[in-house]
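Hi everyone, thanks for making time this morning. Let me put the structure up on the screen, and then I'll walk you through a few places in it.

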Amino acid sequence: MSRILLRMPNTRFYSKCLQSKEEISTSAPNPEVRVFARRKRQKKALEVSNEESKNEPIEQKPCGLPDIEEFAYKKANGPALSSKISGKLEATPDALVVGTEVASEIGARGEPPANWEKVLEGIRKMRATEDAPVDSMGCEKAGSSLPPKERRFAVLISSLLSSQTKDNVNHGAIQRLLQNGLLTAETIDKTDEATIKDLIYPVGFYTRKASNMKKIAKICLLKYDGDIPSSLEELLLLPGIGPKMAHLVMNVGWNNVQGICVDTHVHRICNRLGWVSQPGRKQKTSTPEETREALQLWLPKEEWVPINPLLVGFGQTICTPLRPRCGMCSVSEFCPSAFKESSGPSSKLKKPSQK
C-alpha cells in the first residue's frame with residue numbers, strides 16, 4: 001500500500017511519525033502514516049502552571065478580597081508592615097501586608113500636590129450645607145443614640161451592609177434592625193438568618209451579608225464578650241470586613257485613627273484631582289486601597305478622618321461618578337480632569353465666581 005500524505009493549509013503545524021499501533025487510527029492502518037497536529041503550547045504551559053500551584057504552600061497563595069467589598073484586597077508575600085507614618089517595621093498579620101513597591105517609600109513623606117489646601121478649602125465651602133446622603137445616613141451615624149458598646153457594634157454592622165449599597169438603602173436596613181432589637185451580637189446570634197435577610201433587604205448581596213452578620217455576632221460573643229475587636233488586624237479577620245470598613249470602625253468606634261477610610265468616592269475624586277498615583281509611576285491608582293496608601297504619604301494626619309465624609313458627600317452631589325457637575329464646582333480650575341467627563345446640561349452651567 002502506498003504512503004498516504006494529508007495536505008493541510010500552510011500554517012504552524014508539525015509532523016509526527018506514529019510508531020505504535022495504539023496511536024494509529026483504524027482508518028489508517030499503515031504505521032508510517034504522517035499525521036499533522038497543531039502544537040498545544042498554551043495548554044502545556046497551563047498544565048505546568050497548575051502543577052506548580054499544587055506544590056505551592058497554601059499560606060503563600062494570594063488571598064482574595066473578604067467576600068464582597070468593592071475593591072481588590074489581597075495578601076502579599078513577605079514581611080508585614082503596620083504603619084507608614086511611624087516608619088517602623090513591625091510584624092502584623094498578612095491582612096496588613098503592603099507591597100514591596102510601596103514599602104520602599106515608607107518613612108519618606110510624599111510630595112503634596114500643588115494647591116491641595118485651596119482645593120480642600122473650596123470643597124469644604126461647597127459642602128457647608130451638609131445636604132449629601134452621607135451627612136445624615138452614613139455608617140458613622142448608625143446607633144448614635146446607643147451606649148458605646150452597642151454603638152460600636154451598630155457601626156460595624158452598618159459598615160458591613162454598606163458595601164455596594166447606597167446610603168439611604170443602608171440606613172433603612174439599620175433602622176429596621178434597630179426597631180426589631182437586632183443591633184447587638186446577642187440578638188443577632190439568636191435570630192434565624194431568614195429573618196435577618198428580610199429586614200436588611202434590599203441592600204446589595206443581602207443573602208451573603210445576613211450570613212456574615214450571624215458569623216460576626218458569634219465571633220463577637222465568643223471572643224469579645226459581645227463587643228467588637230479593638231484592633232485593625234482583628235477587624236480584618238471578620239467575614240466580609242475589608243480595609244475601608246475596618247478603618248471607619250476604628251475611627252468611629254474606638255476613636256483610634258490608623259488610616260484613611262477610602263471608598264469608591266474618595267478613590268475616584270483623588271484620582272480626578274491628581275492627588276494620588278501608583279508608586280514610582282504617574283499612572284492613577286487602580287484600587288481604593290492603593291489610593292489610601294498613596295494619600296497617607298502626604299495628607300496631614302489631622303485630615304485623615306474628615307476627608308472621608310467630605311469627599312463622599314462631594315462625590316454624591318457634585319463630583320458624581322457619571323457626568324460630574326464641573327460647571328458647579330468652585331475648584332475646577334485646579335482639577336486636571338475638569339470638564340473631560342462632563343456631558344450633561346448641569347456641567348455647562350456657568351462656574352460660580354470665587355470669593
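I'll go through a pocket, two helices, the aromatic pairs and a couple of single residues. Please keep in mind that this is a predicted model.

Let's begin with the pocket. How much space lies in the second largest pocket? The computed volume is about 620 Å³. There are 28 residues in its lining, and those closest to the centre are Thr165, Lys166, Asp167, His265 and Gln316. For those of you thinking about polarity, the lining residues divide into 13 polar, 8 nonpolar and 7 charged.

Which helices supply at least two residues each of that lining? They are H4 (133-137), H5 (148-162), H6 (167-179), H11 (243-253), H12 (264-272) and H14 (307-317). H14 gives the largest share, with 4 residues.

Two of those helices deserve a second look, so to speak, starting with H12. Here 8 of the 9 residues are buried, so H12 is largely enclosed by the rest of the structure. The buried ones are His265, Val266, His267, Arg268, Ile269, Cys270, Asn271 and Arg272. You'll recognise His265 from the group closest to the centre of the pocket. As for packing partners, the buried residues of H12 lie against H13 and H14.

Now over to H11. This helix is also largely enclosed by the rest of the structure, because 10 of its 11 residues are buried. Among them are Pro243, Lys244, Met245 and His247. What covers the buried residues of H11? The cover includes H5, helix H10 (232-235) and H13.

While we're here, have a look at Asn251, which sits in H11. Its relative accessibility is 11%, so Asn251 counts as buried. Leaving aside residues up to four places away in sequence, Asn251 touches Asn256, Val257, Gln258, Gly259 and Val305. One for the backbone fans: after H11 comes Asn255, with a positive phi near 50°.

On to the aromatics. How many aromatic pairs does a search of the whole structure find? There are 3. Trp116 and Trp298 make one of them, an edge-to-face pair with 5.3 Å centre to centre and 65° between the planes. Trp116 belongs to helix H3 (residues 116-126) and Trp298 to the loop between H13 (288-295) and H14, so this pair ties together parts that are 182 residues apart in sequence. Both tryptophans, Trp116 and Trp298, are buried.

Tyr201 and Tyr206 also pair edge-to-face, at 4.9 Å centre to centre with 80° between the planes. Are these two tyrosines buried, exposed or partly exposed? Tyr201 counts as partly exposed because its relative accessibility is 48%, and Tyr206 counts as partly exposed at 29%.

Back to the tryptophans for a moment: Trp116, Trp275 and Trp298 form one aromatic cluster. There is a charge over a ring to show you as well, with Arg152 lying over the face of Trp254 at 4.1 Å from the ring centre.

My last stop is Ser330, in the segment after H14. Is Ser330 buried or exposed? The cut-off for buried is under 20%, and Ser330 comes in at 19% relative accessibility, so Ser330 counts as buried. Ser330 and Val119 are 211 residues apart in sequence, yet their C-alpha atoms are 8.7 Å apart in space.

That's my tour, and I'm happy to take questions.

Note on methods
Residues numbered from 1 in each chain as written. Predicted model: local features only at pLDDT ≥ 70, side-chain atom pairs only at ≥ 80, totals over all residues. Heavy atoms only, no water. 1 Å grid on protein atoms, 1.4 Å probe; cavity = no way out; pocket = protein on both sides within 12 Å on 5 of 7 lines; lining within 4 Å. Points joined across faces, edges and corners; volume = space filled by probe spheres on them. Nonpolar A, V, L, I, M, F, W, Y, C, P; charged D, E, K, R; others polar. Phe/Tyr/Trp six-rings, centres within 6.5 Å; stacked < 30°, edge-to-face > 60°. Buried < 20%, exposed > 50% of the residue type's maximum accessible area, 1.4 Å probe, protein only. Lys NZ or Arg CZ within 6 Å of the ring centre and 35° of its normal. Contact = heavy atoms within 4.5 Å.
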